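Me: I have a model open on my screen and I'd like to learn how to read it. Can we go through it one feature at a time?

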Amino acid sequence: MFKNIVWDFDGTIFDTYEGIVDSLEFTLKEENIYPNREEMLGNLKLSLKHTLEFYGKEYDFDAEKAAERFYIYEETIGLKKMFPFPNLEEILNYVNSKDKDNYIYTHRGGSTNLLIDKYNLNKYFKDIVTKNHKLKRKPDGEGFSYIIDKYNLKKEETLAVGDRELDLLAAKDAGIKSCLFISRGSSFSKTANYTIDNLLEIKKII
């Protein structure tokens, strides 16, 4: 049914939230702010931008300058705690073995490629679209539309997989079906066409 799988990165194919929360925790400590980790994760599931603006407004600090510090902490500390989810390579190889293609569409920047290369996964992806492409952020569907147009994909054959409502709404905006991957901090969504809690369950969908 589906020939093209467009994966989100954080919380979908890579378990990155531990590293992200650590980086945010160090960033907020500089402002003498100590929220609990589950609260931070809940905000991060919406977006990093939302999270820093939320705390910046509540505690009166500059969210943009905090973002600069966050990325320094992520590069020096956070990336060390980011790993592929179980069964990732197996499902990516399965998709390719069925003459189907894998893509990534993420708000993460150059560290996406660093992590993909670190675990030798680059060969499984036809394209990796990151924030460096300067596309509109989810829930706008421009990133999905960019991939669809670039590779002349059929929308009815293209499935988006993500762990946040943001991902699902972006897929809907682009006119494609979506699958919610339940990872830490994810919540049920009526927007998703499919829901899984193990990456191998994609086999049943495609």
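Reply: Sure. Let's begin with pockets: a pocket is an open set of grid points with protein on both sides within 12 Å along at least five of seven lines. Keep in mind that this is a predicted model.

Me: What volume does the largest pocket have?

Reply: About 690 Å³. It is lined by 28 residues, and Leu 48, Phe 70, Tyr 71, His 107 and Lys 131 lie nearest the centre.

Me: Which elements give two or more residues to that lining?

Reply: They are α1 (17–29), α3 (48–59), α4 (63–76) and α6 (111–118). Of the elements, α4 gives the most, with seven residues.

Me: How do the lining residues divide into nonpolar, polar and charged?

Reply: Eleven are nonpolar, six are polar and eleven are charged.

Me: On to the core, then. What's the general idea?

Reply: In soluble globular proteins, nonpolar side chains tend to be buried together. Here the largest nonpolar core has 46 residues, and Trp 7, Ile 13, Ile 116, Phe 125, Leu 159 and Ile 202 have the most contacts inside it. The largest share of this core comes from α1, with five residues. There is also a second, separate core of 13 residues, with Tyr 105, Leu 153, Ala 171 and Ile 176 among them.

Me: Let me click on one of these. Which residues is Ile 13 in contact with, leaving aside its neighbours within four places in sequence?

Reply: You'll find Trp 7, Asp 8, Phe 83, Pro 84, Phe 85, Leu 88, Ile 104, Ile 116 and Phe 125.

Me: And salt bridges? How do I spot one?

Reply: Look for a side-chain nitrogen of Lys or Arg within 4 Å of a carboxyl oxygen of Asp or Glu. By this rule the count comes to 17. Try Arg 108 and Asp 10, whose closest N and O atoms are 2.7 Å apart. That pair links distant parts of the chain, 98 residues apart: Arg 108 is in the loop between β4 (101–105) and α6, and Asp 10 is in the loop between β1 (4–7) and β2 (14–15).

Me: Are Arg 108 and Asp 10 buried or exposed?

Reply: Arg 108 is buried, and so is Asp 10. Another pair is Lys 45 with Asp 163, at 2.3 Å from N to O, and both of these residues are buried too.

Me: What about the salt bridge between Lys 203 and Glu 90?

Reply: Their closest N and O atoms are 3.5 Å apart. Lys 203 lies in helix α9 (residues 202–205) and Glu 90 in helix α5 (residues 88–97), so the pair ties together parts that are 113 residues apart in sequence. Lys 203 counts as partly exposed because its relative accessibility is 31%, and Glu 90 is partly exposed as well, at 40%. Elsewhere, salt bridges that share partners join Glu 18, Asp 22, Glu 25, Arg 37 and Lys 81 into one network.

Me: Last one: the backbone. What should I look for?

Reply: Most residues other than glycine have a negative phi, and most peptide bonds are trans. In this model, the peptide bond from Lys 138 to Pro 139 is cis, with omega near 15°. Pro 139 lies in the loop between β5 (125–129) and α7 (142–150).

Me: Where does Lys 134 lie, and what is its phi near?

Reply: Lys 134 is in the loop between β5 and α7, and its phi is near 60°, a positive value. Asp 99 also has a positive phi, of about 60°, although it is not a glycine. Asp 99 lies in the loop between α5 and β4.

Me: Why does Asp 99 count as exposed?

Reply: Because its relative accessibility is 70%, and exposed means over 50%.

Methods: Residues are numbered from 1 along each chain as its sequence is written. This is a predicted model: local features need pLDDT of at least 70, side-chain atom pairs count only at pLDDT 80 or more; totals for chains, interfaces and linings use all residues. Side-chain values use heavy atoms; hydrogens and water are left out. On a 1 Å grid over the protein atoms alone, a cavity is a set of points where a 1.4 Å probe fits but cannot get out, and a pocket is an open set with protein on both sides within 12 Å along at least five of seven lines; lining residues have an atom within 4 Å of a point. Grid points are joined across faces, edges and corners, and a volume is the space filled by probe spheres set on the points. Helices (H or I, at least four residues) and strands (E, at least two) are DSSP runs, numbered from the N terminus. Ala, Val, Leu, Ile, Met, Phe, Trp, Tyr, Cys and Pro count as nonpolar, Asp, Glu, Lys and Arg as charged, and the others, Gly among them, as polar. A nonpolar core is a set of buried Ala, Val, Leu, Ile, Met, Phe, Trp, Tyr and Cys residues joined through side-chain atoms within 4.5 Å. Buried means under 20% relative accessible area, exposed over 50%, partly exposed in between (1.4 Å probe, protein chains only). Contact means heavy atoms within 4.5 Å.
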